[in-house]
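New to this one? Here is a quick tour to read alongside the sequence and the 3D view.

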Amino acid sequence: MDYSCKLGAANKLKTACLVVGVFKNNRLSPLGSSLDEATAGQIQGILKRQDFAADLGQTLMLYEPRDCAAVRILLVGLGEEKGFTPRQFGLALLPAFQLLDKSAAADCLVLLPNRQEDEDTYRLVREAVSAAESAVYRFQQCKSEKTPEKHPLKRVHFLAQSRAQQNAGNRAATHGRAIGVGSALAKELANLPGNICTPTYLAEQAQALARGKRKLKVRVLSEAQMDKLGMGALLSVSRGSRQPAKLIILEYKGGKPESKPVALVGKGLTFDAGGISIKSAANMDEMKYDMCGGASVLGTLAACVELDLPINVVGIVPSSENLPDGDANKPGDIVTSMSGQTIEILNTDAEGRLILCDALTYTERFKPAAVIDIATLTGACVVALGDQASGLMANDDKLADELLEAGTDCGDRTWRLPLFEEYQRQLDSNFADMANVGGRGAGAITAACFLSRYTKSFKWAHLDIAGTAWVSGNNKGATGRPVPLLTEFLLRRCNASM
Ligand code: BES
Ligand code: MN
Ligand code: ZN
């Protein structure tokens, strides 16, 4: 989708659809009011009939409006004007874009609902772009009929009131579009089933992503190469699978050669059956999403390329399957990680930490400024935070605050959980340096405690995205999270965000 910000008179600009926000009590924004005045008061005329209450997300399509170059006018309820937020704007626009997506309109022009002196143009446009992106996304790769549904919407324009607003809006459109590209890549990879999206496939997609991009390089380590590095924890997980594990390493070099990279380490478990500690059958299909952390790393690097961000970023994706097999890990097995620490595998279903610990040790060689791992790591995190916030745990308060703020700003939120030293005891093992599970309580935290033993040499944050990476039920599908959060974080590190 293309996005840009325009100036001009709303009634004179040619478009398939003018999208006009309406606050409760028939209140129009400044741009909405001027449109109404220029078109003989027809909008207020309709509002006076009281059919349209302007509830958040309510829509009313008008055809062939008078004195207006637009083919349609779509009224969109924005809810209460008092305390109106950019987030509210995004929520209101989602059903509007869904409606447009089913119409024959190829473009639309959205009136910005704020006053000229307000500073929230950037955020309003960012919210609108992410609403548009999620409204038009469909997973079609595995459908035999590729084009049954209408999909004409190609360009979304925004109408601003001043040059300054237009500039802020255009910047937001650029950032929002890039995040849309990155999120769509993450969704597409995540929605693919385990028999297609294997570790080898994921590695090939990383290579495809880097093709022709000067600033992005990819390397893929084989099991033999990982064996030489001593990645005994990672390789123990993949032993039960016929698909060879891969360690995918992406390097985006947009910053000064000497500036230390941010490292993003994403769990790329392409299917998690639990191994010998096998999962129950219900909803096991959703464990194809256990590679969403890895997909978000690829998506974020795609956004970096789109934005040509002036920063160095390393993406590391340990990728494997976790299946039961005669050669699979058994409860009680003890393996030696690349760090030299030994691990007693009490539950083979706690495999994410086993592949991540070796990937995190490997990350040391990049001398990273900060490391963020992203993983669908624990069901316990879903219990704690549900689908609203990703779990955030960190060994550095400043890094944690940066992520918290970035998430709040872009609406891809996190919530911090503590890593008190006392929790570490839960990982005590009688037979090895640590166990891979920590008992019943605080499952999301003890998983992070496990990882913390491999991240002592750098600033590190862990994102548990088990509850946020996809939605279940009738609308089952990947969300693309936390690509918006990670890109926002990187934009802020480049001082490019607002
Ligand atoms: N991939 C799962 C975590 C998961 C489960 C994410 C359900 C989303 C929904 C992970 O590998 C896992 O199985 N974790 C176990 C850990 C336990 C054995 C300590 C879990 O959460 O049950
Ligand atoms: Mn598991
Ligand atoms: Zn898993």
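What follows is a short briefing on a metal site and a small sheet. Keep in mind that this is a predicted model. A zinc ion (ligand 3) is held by K267, D272, D290 and E351, and D272 also bridges to a manganese ion (ligand 2). Elsewhere, there's an open sheet of three strands to look at.

**The zinc site**
- The atoms that coordinate the zinc ion (ligand 3) are NZ of K267, OD of D272, OD of D290 and OE of E351, at 2.0 to 2.4 Å.
- The site of the zinc ion (ligand 3) counts as octahedral, with six donor atoms and angles of 77 to 177 degrees among them.
- For background, ideal angles for six octahedral donors are 90 or 180 degrees.
- Along the chain, the donors of the zinc ion (ligand 3) are spaced as K-x4-D-x17-D-x60-E.

**Two metals, one bridge**
- The zinc ion (ligand 3) and the manganese ion (ligand 2) lie 3.1 Å apart, with D272 bridging them.
- D272 sits in strand 11 (residues 268–272), while D290 is 18 residues away in the loop between strand 11 and helix 9 (292–307), so this pair links distant parts of the chain.
- Both D272 and D290 are buried.

**The three-stranded sheet**
- The strand order is 13-14-18, and the pairing is mixed.
- Strand 13 (333–336) and strand 18 (434–435) are the edges, each pairing on one side only.
- Strand 13 and strand 14 (residues 342–345) run antiparallel and are joined by four bridges.
- T336 has T342, in strand 14, as its bridge partner.

Terms used: Residues are numbered from 1 along each chain as its sequence is written. Chains are lettered from A and ligands numbered from 1 in the order in which they are written. This is a predicted model: local features need pLDDT of at least 70, side-chain atom pairs count only at pLDDT 80 or more; totals for chains, interfaces and linings use all residues. Side-chain values use heavy atoms; hydrogens and water are left out. Donors are N, O and S atoms within 2.8 Å of the metal (3.2 Å for Na, K and Ca); water is not among the atoms, so sites may look incomplete. Four donors count as tetrahedral if all angles lie between 85 and 135 degrees; four count as square planar and six as octahedral if opposite donors are over 155 degrees apart and all others between 65 and 115; anything else is irregular. Helices (H or I, at least four residues) and strands (E, at least two) are DSSP runs, numbered from the N terminus. Buried means under 20% relative accessible area, exposed over 50%, partly exposed in between (1.4 Å probe, protein chains only). Two strands pair if DSSP finds at least two bridges between them.
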